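Student: Could you take me through one part of this structure up close? I would like to start from a single residue and work outwards.

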Amino acid sequence: LMRVWTSKLCLDHPNIFGGKILTVVSPAVECYSDDGTPCGSESGHAFLRMPDIIKAFYTCPYEVFEMGDYETKYYVLLRLAAAQPIQVIYTCNPSTVYLLGNRLGQFSESIIRDIHDGTLSSEHKISYDLALRLKSYIKKNPARAKFLERALQKGNGKLMPKFVWPEMAAIACWKGGSVSMYLAKFPRFYSSEIPVRDIGYFSSEFRGSIPLSDKGSEGVLAVPANYYEFFPITQDRKPAAHELLSIHQLEKGKQYFVYVTTTAGLCRYDMNDVIEVMDYFEETPVIRFVQKGKGMISFTGEKLSECQVTKAVEQAFEAFKDPYEFIAAVGELVDDTPRYTFLIEFERPMEAMLVKQLANLIENALCTLNVEYAAKRRSKRILPPLVKIIQPGEYDQYRKRMIEIRNSDGQFKILKLTSDESFQKNFQTQMEISAAA
């Protein structure tokens with residue numbers, strides 16, 4: 001399926017192999033289970049399995065992605081990439097594409113100096129083994145440094161991808177779901193003329209679609225690879241096996257939950273994903289990923305669920321003890337970086353010191369329950385959680401307003417996790433304190 005996707009990209013953009021590929025992956029092995037089974041990222045796993053002919057186009061060796069220090073990793077990655085002509089950026093999350101542009105500007109002077117001198121800044125500590133591995137990548141290049149100095153002037157004192165890599169032919173990343181908000185920010189660093197190709201609906205569990213154009217995020221359902229079943233999102237319940245729909249029963253314009261059976265052993269696995277049928281390619285549905293299912297948010301791959309938020313709160317309050325009237329978490333962007341804000345109403349006034357303690361307890365619990373959230377926090381791709389103490393009685397007033405609007409007390413429900421930032425406007429806040437950075 002990856003070959004099919006790549007071949008279509010090559011047909012549409014023949015110049016993509018005229019230079020290097022800048023990619024960002026997570027380690028293939030990040031930890032081990034109790035029985036010694038390696039656990040890690042599919043992106044790193046796929047990187048290692050690529051044919052050597054493809055690996056030859058990468059800007060850096062895999063060992064760079066295993067570095068523990070986030071800032072050092074991105075510095076080394078961009079210092080190597082800035083010395084080379086980049087034709088394609090390929091990474092799953094568009095937030096990473098945006099981050100590359102942002103960090104390139106921050107590291108501008110050090111990158112130019114290192115490329116001129118053939119060095120790696122002493123501000124960034126790397127292991128002896130990695131230094132040996134990078135030796136063949138790090139060479140003096142005064143001519144490239146001079147080119148970058150001109151690019152620096154065009155970027156008003158900051159290196160920008162559109163001036164550093166004017167030959168770039170394409171960007172490949174996800175374009176659908178909640179991560180799509182980053183696409184609108186690309187022109188800040190990248191030329192608006194660069195086509196962006198969605199890499200398809202896929203995850204660690206399976207690959208589900210093959211986009212065939214730069215338009216939108218939709219792709220042809222990958223029917224040779226898996227067996228798919230569906231259930232309409234309009235029916236708010238868990239379906240019985242006989243109620244699941246096959247591919248030929250799908251309707252254009254309708255949205256469905258996805259259940260997948262794979263050759264790896266998953267059987268009618270509930271992905272908690274919502275897809276929409278956009279069109280047909282001959283007789284095969286063309287689908288787009290809409291969002292994670294009920295009660296789940298994923299800004300940068302963390303896939304935080306309402307269940308995890310609830311458990312994190314329960315764990316935090318085991319140590320905290322003070323009873324609360326109401327609690328909900330809101331996923332939001334703060335200056336382009338995601339953050340989870342917890343709205344909490346207590347029965348009694350709270351001291352700032354105790355609220356700080358609670359924020360740290362929630363943070364620790366979230367990191368324990370969700371390894372992806374923990375990884376994104378370590379790499380600073382997600383800000384520390386913020387606790388907002390709302391005025392006493394606010395939740396009761398909100399509940400009354402919602403019941404009056406819907407005219408049904410029994411139907412009133414409130415999610416413990418939402419990405420609707422306007423939800424916070426329903427409550428007046430007494431105090432807000434962040435967990436430790």
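**A close look around Ile 111**

Tutor: Happy to! Setting aside residues up to four places away in sequence, Ile 111 touches Tyr 75, Leu 78, Arg 79, Ala 82, Leu 104, Leu 148 and Leu 159. Keep in mind that this is a predicted model.

Let's place that residue in its helix. Ile 111 is one of the buried residues of α6, which spans residues 108-117. Buried along with it in α6 are Ser 108, Ser 110, Ile 112, Asp 114 and Ile 115. On the other side of the packing are three helices: the buried residues of α6 pack against α4, α5 (94-106) and α8 (142-154). Just after α6 comes Gly 118, and its phi is positive, near 70 degrees.

Now step back to the core. Ile 111, together with Ile 171 and Tyr 190, is among the residues with the most contacts inside the largest nonpolar core, a set of 64 residues. The biggest contribution to this core comes from helix α4 (residues 70-82), which supplies 9 residues. There is also a second core, separate from this one, with 30 residues; Ile 297, Ile 327, Ala 329 and Ala 435 are included in it. As a general background, nonpolar side chains in soluble globular proteins tend to be buried together.

Aromatic rings add another layer to the picture. Searching the whole structure gives 21 aromatic pairs. One to look at is Phe 17 with Phe 57, a tilted pair with 5.0 Å centre to centre and 55 degrees between the planes. Phe 17 sits in the loop between α1 (2-12) and β1 (20-23), while Phe 57 sits in the loop between α3 (52-55) and α4, so their pairing ties together parts that lie 40 residues apart in sequence. Phe 17 is partly exposed, at a relative accessible area of 31%, and Phe 57 is partly exposed too, at 22%.

Another pair is Tyr 398 with Phe 423: the ring centres are 5.6 Å apart and the planes stand at 90 degrees, so this pair is edge-to-face. It links distant parts of the chain, 25 residues apart, with Tyr 398 in helix α13 (residues 394-406) and Phe 423 in the loop between β18 (417-418) and β19 (429-434). Tyr 398 and Phe 423 are both buried.

Two last stops for your tour. Tyr 201, Phe 206, Tyr 228, Phe 230, Tyr 256 and Phe 289 make up one aromatic cluster. Over the ring of Phe 202 sits the charged end of Arg 207, 4.8 Å from the ring centre.

Terms used: Residues numbered from 1 in each chain as written. Predicted model: local features only at pLDDT ≥ 70, side-chain atom pairs only at ≥ 80, totals over all residues. Heavy atoms only, no water. Core = buried A, V, L, I, M, F, W, Y, C linked by side-chain atoms within 4.5 Å. Buried < 20%, exposed > 50% of the residue type's maximum accessible area, 1.4 Å probe, protein only. Helix = DSSP H or I, 4+ residues; strand = E, 2+ residues; numbered from the N terminus. Contact = heavy atoms within 4.5 Å. Phe/Tyr/Trp six-rings, centres within 6.5 Å; stacked < 30°, edge-to-face > 60°. Lys NZ or Arg CZ within 6 Å of the ring centre and 35° of its normal.
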